[in-house]
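This report describes the fold, the strand pairing and the nonpolar core of a protein chain. The sequence and structure come first, and the description follows them.

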Amino acid sequence: MSNERPQMDKDVHFFWDDLNLAQKFSVAELQRYGYDLLFVRHIADCSVAVLASGNKMAAIDMEGQIDVEPNIVLRH
């Protein structure tokens, strides 16, 4: 049995609409380095964009700040 997460075709534009302008700029910057937008997590009045590139993860907060070592646990 594989521990890999099933691949899902998600429309990035669906998540793109949940981002503010600062987050969109940061996501675009990370995409230049091979990161893909996985999802946007909404917590209280904030949202965090979560991206991945291979085994590397990144998170972008409401101010557009990029965290390349986020404390995020993905469910399988």
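## Overall fold

Two helices and four strands make up the secondary structure of the protein chain, and along the sequence these elements follow the pattern α-α-β-β-β-β. The model is predicted, and the values below are computed from it.

Of the 76 residues in the protein chain, 29% are buried. The chain exposes about 5,900 Å², of which carbon and sulfur atoms supply 52%. When contacts between residues at least 6 apart in sequence are considered, 33% of them join residues at least 24 apart.

## Helix H2

Helix H2 covers residues 21–31, and at its N-terminal end Asn20 acts as a cap, with a side-chain oxygen 3.1 Å from the backbone nitrogen of Ala22.

Which residues of H2 are buried? They are Gln23, Ser26, Val27 and Leu30. Viewed down the axis of H2, these buried residues fall within an arc of 100°, so they line one face of the helix. An α-helix has 3.6 residues a turn, so residues three or four places apart point the same way. On the other side of H2, by contrast, Leu21 and Phe25 are exposed.

## Strand pairing

Strand E1 (36–43) and strand E2 (46–53) pair in the antiparallel sense over seven bridges, and within this pairing His42 stands opposite Ser47 of E2. The two strands form a hairpin with two residues between them, and in that turn Ala44 has a positive phi of about 55°.

E2 also runs antiparallel to E3, to which five bridges join it. Ala49 stands opposite Ile60 in E3, while Ala52 stands opposite Met57 in E3. The hairpin of E2 and E3 again has two residues between the strands, and here Gly54 takes a positive phi near 60°. E3 in turn pairs with strand E4 (residues 66–67) in the antiparallel sense, over two bridges, and Ile66 of E4 is the bridge partner of Ile60. Five residues lie between the strands in the hairpin of E3 and E4, where Gly64 takes a positive phi near 85°.

## Burial of the strands

How many of the eight residues of E2 are buried? Six of them are, so E2 is largely enclosed by the rest of the structure. E3 is mostly covered as well, with four of its five residues buried.

## The nonpolar core

The largest nonpolar core has 15 residues, and those with the most contacts inside it are Leu19, Val27, Leu30, Leu37, Ala49, Leu51 and Ile60. At least two residues of this core come from each of helix H2, strand E1, strand E2 and strand E3, and E2 gives the most, with four residues.

Several of these core residues also appear in the description above: Val27 and Leu30 are among the buried residues of H2, and Ala49 and Ile60 face each other across the pairing of E2 with E3. Where does Leu30 make contact, once its neighbours within four places in sequence are left aside? Leu30 is then in contact with Tyr35, Leu51, Ala58, Ile60 and Ile66. Among these partners, Ile60 and Ile66 are themselves bridge partners in the pairing of E3 with E4, and Leu51 and Ile60 are listed with Leu30 among the residues that have the most contacts inside the core.

Terms used
Residues are numbered from 1 along each chain as its sequence is written. This is a predicted model: local features need pLDDT of at least 70, side-chain atom pairs count only at pLDDT 80 or more; totals for chains, interfaces and linings use all residues. Side-chain values use heavy atoms; hydrogens and water are left out. A nonpolar core is a set of buried Ala, Val, Leu, Ile, Met, Phe, Trp, Tyr and Cys residues joined through side-chain atoms within 4.5 Å. Buried means under 20% relative accessible area, exposed over 50%, partly exposed in between (1.4 Å probe, protein chains only). Contact means heavy atoms within 4.5 Å. The arc is that of the directions from the helix axis to the C-beta atoms. A polar contact is a pair of N or O atoms within 3.5 Å; within protein, one must be able to donate a hydrogen and the other to accept it, and residues adjacent in sequence count only if both atoms are side-chain atoms. Two strands pair if DSSP finds at least two bridges between them. Accessible areas come from the Shrake-Rupley method with a 1.4 Å probe; for residues, only the protein chains shown count as cover.
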